[in-house]
Amino acid sequence: MRELIAITVYIAIAVMSSVAIIASPTLGAQADTDKIGVVVSIPPLAQFVENVGGERVKVTALLPPGKEPHTFSLTPRDLKKINEAFLFVVNGAKLEFWMDRVAEVNPGIIVVDTSQGVELIDDDPHIWLSPRNARLQVKNILQALIQLDPEYQDYYQHNAHRYLQKLDGLDRSIEISLQGIKVKKFIIFHPALTYFARDYNLEQITVEVGGKSPKAKDIKRAIDEARKHNIKVIFAEPQFDPHSAEVIASEIGGEVVFIDPLAQNYLENMYTILGILVDTMD
Ligand SMILES: [Zn+2]
């Protein structure tokens, strides 16, 4: 990949002006034997990139299992991964609040902002948890790979098409599965399902407000909502301290159920989350 330095420096100008994707240089003949080194910020993006890039990419995720992205800080190991990568695929929507560091470590890295074209809700970054947004994210990854490696355009398009069909299948499953549910409300500790709720006409009631640890009044509000709508489940994420969720659950005689928004096996995980939602909403 050493030959690529000239290209990456050239592209850096476009990256710094935070264009989603960028420039026209190609990877050249060298890349026929080398895989494209891709770093992604959160694990679900690894599945997106691997499904589009196939044999052409080597993907590494920065965020390890169990860590939450909102307070994440880059370790020396992460910086090394960034330094060695050619492409950096980010969620965008301000989830990667540490992007300045990336530019310092590898000014030439090409950044693909997968949130381009997604209709954002305030400053909520959890876009990937609605498959309708995931579609756009996958398409942005596809466009980036085609621009960088146009010789393989047909390959990338074919791969992307196959994965987008799976996302469509997930989308339809969610619509159908939620049809029979009467009280379309759920309570969750952290607002991970904001976009999911928007796209499938559910109401997400969060315990946490504005990313801060809940105060007594937030816990009381959640308890009141649960009683009013006869909700018996509080969703929590393995990345957060479940204490407040447990307090609420014991007050309402309900239970805490964990969902993981960051599992790398995105499709399987979304079906799991759907199953849990259907089982716990009436
Ligand atoms: Zn989150």
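**Exercise 1. Which elements do the buried residues of H9 pack against?**

Find helix H9, residues 243-252, in this predicted model, and work out how its buried side is placed.

*Solution.*
Step 1. Begin by picking out the buried residues of H9: Ser 244, Ala 245, Ile 248 and Ala 249.
Step 2. Now look down the helix axis. The buried residues of H9 fall within an arc of 135°, so they line one face of the helix.
Step 3. See what that set of residues meets: the buried residues of H9 pack against H8, S7 and S8.
Step 4. Finally, step just past the end of H9, where Gly 253 has a positive phi of about 65°.

**Exercise 2. In what order do the 4 strands of the open sheet stand?**

Trace the sheet from one edge to the other, then find a helix that packs on it.

*Solution.*
Step 1. Reading across, the order is S6-S5-S7-S8, and the strands pair in parallel.
Step 2. Check the edges. Strand S6 (203-206) and strand S8 (255-258) each have a single partner strand, so one side of each lacks a neighbour in the sheet.
Step 3. Follow the twist, which averages 40° from one strand to the next.
Step 4. Zoom in on one pair: S7 (residues 233-236) and S8 are joined in the parallel sense over 4 bridges. Here Phe 235 stands opposite Val 257 in S8.
Step 5. Add helix H8 (residues 216-229), which packs on the sheet and touches S6 and strand S5 (185-188). The direction of H8 makes about 155° with that of S5.

**Exercise 3. Which residues touch the most other members of the largest nonpolar core?**

Describe this core, then explore the surroundings of Ile 141.

*Solution.*
Step 1. A useful general idea: in soluble globular proteins, nonpolar side chains tend to be buried together.
Step 2. In this chain, 39% of the 282 residues are buried, and the largest nonpolar core has 73 residues. Those touching the most other members are Val 38, Val 40, Val 49, Val 52, Phe 88, Val 89 and Ile 141.
Step 3. Ask where the members come from. Helix H5 (residues 131-148) gives the largest share, 7 residues. Domain 1 (2-174) and domain 2 (180-280) each supply at least three residues to this core.
Step 4. Now visit Ile 141. Setting aside neighbours within four places in sequence, Ile 141 is in contact with Phe 48, Val 49, Val 52, Val 89, Val 112 and Thr 114.

**Exercise 4. How many helices and strands are there in the protein chain?**

*Solution.*
Step 1. Count them in the structure: you should reach 10 helices and 8 strands.
Step 2. Then consider contacts between residues at least 6 apart in sequence: 59% of these join residues at least 24 apart.

Note on methods. Residues are numbered from 1 along each chain as its sequence is written. This is a predicted model: local features need pLDDT of at least 70, side-chain atom pairs count only at pLDDT 80 or more; totals for chains, interfaces and linings use all residues. A residue is buried if 20 or more other C-beta atoms lie within 10 Å of its own, exposed if 12 or fewer, and partly exposed in between; C-beta atoms are placed from the backbone. Two residues are in contact if their C-beta atoms, placed from the backbone, lie within 7 Å. Two strands pair if DSSP finds at least two bridges between them. Helices (H or I, at least four residues) and strands (E, at least two) are DSSP runs, numbered from the N terminus. Axes are lines fitted to C-alpha atoms, for helices over the stretch in contact, and angles run from 0 to 180 degrees between N-to-C directions. A nonpolar core is a set of buried Ala, Val, Leu, Ile, Met, Phe, Trp, Tyr and Cys residues joined through C-beta atoms within 7 Å. Domain bounds come from an automatic or database domain assignment. The arc is that of the directions from the helix axis to the C-beta atoms.
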